[in-house]
Amino acid sequence: MIRREFNEVYKYTNAPQKCVIAITKDYAGKYNLITLEWFMRTSILPPMYAISIGHTRYSYECLQKNRFFNLVFLSKEQLETAILAGTLSGKDLDKLEKSKESFFLGRLEKLPILKRAVANLECKVVTQVRSGDHTIFVGEVKHSYLDNSKDVLLVSDLKRK
């Protein structure tokens, strides 16, 4: 065992990490997509996931006003959507429209369910915790969707692009 810098250890132990996005809605009802690095399951019963959003992000503003998000596990065919959602701000453009993703509206808060995704989880924020320059939003999964005929997009797939 050799002592190493945290970033090196994290890079080695973090793979293969699934690539996910969150879909939120702003005060005017416009949808926003954000690619996430930090997410995790936090409860089995009831099912809950936590996502971490930086305070400077437009999605943070959206989640403060609308307490719902969809957690979307992307398929390999959605690589461009992952890049788009992670590199542009929803404050400046409609990322869902630009992505040309096919979707239907979910049951919980009428947020988009992406048809090409492996899984979509409709979540209601039940609590949040400030964590430095981010806030962790914990959402209870209210409805879930799965297409297990597709391969999940991995973060390592993004790095190859």
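**Exercise 1. A lysine in a loop**

Is Lys100 buried or exposed, given its relative accessible area? Work out its setting and its backbone angle too.

*Solution.* Keep in mind that this is a predicted model.
- Start with the accessibility: Lys100 has a relative accessible area of 72%. The cut-off for exposed is over 50%, so Lys100 is exposed.
- Next, find its place, which is the loop between α4 (95-99) and β6.
- Now check the backbone: phi of Lys100 is positive, about 60°, although the residue is not a glycine.
- As background, most residues other than glycine have a negative phi.

**Exercise 2. Another positive phi, and a cis bond**

Take Lys110 and the peptide bond from Leu45 to Pro46, and describe the backbone at each.

*Solution.*
- Lys110 has a phi near 60°, again a positive value in a residue other than glycine.
- Lys110 sits in the loop between β6 and β7.
- Its relative accessibility is 46%, so Lys110 counts as partly exposed.
- For the peptide bond, look at omega: from Leu45 to Pro46 it is near -5°, and the bond is cis.
- Pro46 belongs to the loop between β3 and β4.
- For context, most peptide bonds are trans.

**Exercise 3. Classify the ring pairs**

How many aromatic pairs does the structure hold? Pick out Phe39 with Phe73 and Phe104 with Tyr145, and assign a geometry to each pair.

*Solution.*
- The count comes to 4 aromatic pairs.
- For Phe39 and Phe73, the ring centres are 5.8 Å apart and the planes meet at 85°. Planes over 60 degrees apart count as edge-to-face, so that is the label for this pair.
- Place these two along the chain: Phe39 is in strand β3 and Phe73 in strand β5 (residues 68-73), 34 residues apart, so the pair links distant parts of the chain.
- Both of these phenylalanines, Phe39 and Phe73, are buried.
- Phe104 and Tyr145 are edge-to-face as well, with 5.7 Å centre to centre and 75° between the planes.
- This pair also links distant parts of the chain: Phe104 is in strand β6 (residues 103-105), Tyr145 in strand β9, and 41 residues separate them.
- On accessibility, Phe104 is partly exposed at 36%, and Tyr145 is partly exposed at 22%.
- One more thing to spot: ring pairs join Phe39, Tyr49 and Phe73 into a cluster.

**Exercise 4. Follow one aspartate**

Which side chain makes a polar contact of 2.7 Å with that of Asp157? Then find a backbone atom that Asp157 also approaches.

*Solution.*
- Locate the residue: Asp157 lies in helix α5.
- Check burial: the relative accessibility of Asp157 is 11%, so this aspartate counts as buried.
- The side-chain partner is Lys76, at 2.7 Å.
- The backbone partner is the nitrogen of Leu154, which lies 2.9 Å from a polar atom of the Asp157 side chain.

**Exercise 5. Compare the pockets**

Describe the largest and second largest pockets by volume, lining and residue class.

*Solution.*
- Volumes come first: the largest pocket holds about 760 Å³ of space, and the second largest about 160 Å³.
- The largest pocket has 35 lining residues; Thr35, Leu36, Glu37, Arg57 and Gly86 lie nearest its centre.
- Elements giving at least two residues each to that lining include α1 (6-13), β2 (31-36), β4 (48-54) and α5 (155-160). Strand β2 gives the most, with 5 residues.
- Sorted by class, the lining of the largest pocket has 13 nonpolar, 15 polar and 7 charged residues.
- Around the second largest pocket, the lining residues include Trp38, Phe39, Met40, Ser131 and His134. Two or more residues come from each of β3 (39-43), β4 and β9 (134-146), and β4 has the largest share, 3 residues.
- Its classes run to 6 nonpolar and 3 polar, with no charged residues.

**Exercise 6. Check the confidence**

Which element of the chain has the lowest mean pLDDT, and which the highest?

*Solution.*
- Begin with the whole chain: its mean pLDDT is 92, and 96% of its residues reach 70 or more.
- Going by element, α1 is lowest with a mean of 72, while strand β7 (residues 112-114) is highest with 98.
- Tie this back to Exercise 5: α1 is one of the elements that supply at least two residues to the lining of the largest pocket.

Note on methods. Residues are numbered from 1 along each chain as its sequence is written. This is a predicted model: local features need pLDDT of at least 70, side-chain atom pairs count only at pLDDT 80 or more; totals for chains, interfaces and linings use all residues. Side-chain values use heavy atoms; hydrogens and water are left out. On a 1 Å grid over the protein atoms alone, a cavity is a set of points where a 1.4 Å probe fits but cannot get out, and a pocket is an open set with protein on both sides within 12 Å along at least five of seven lines; lining residues have an atom within 4 Å of a point. Grid points are joined across faces, edges and corners, and a volume is the space filled by probe spheres set on the points. Helices (H or I, at least four residues) and strands (E, at least two) are DSSP runs, numbered from the N terminus. Ala, Val, Leu, Ile, Met, Phe, Trp, Tyr, Cys and Pro count as nonpolar, Asp, Glu, Lys and Arg as charged, and the others, Gly among them, as polar. pLDDT is the predictor's confidence in each residue, from 0 to 100. Rings of Phe, Tyr and Trp (its six-membered ring) pair if their centres lie within 6.5 Å; planes under 30 degrees apart count as stacked, over 60 as edge-to-face and the rest as tilted. Buried means under 20% relative accessible area, exposed over 50%, partly exposed in between (1.4 Å probe, protein chains only). A polar contact is a pair of N or O atoms within 3.5 Å; within protein, one must be able to donate a hydrogen and the other to accept it, and residues adjacent in sequence count only if both atoms are side-chain atoms.
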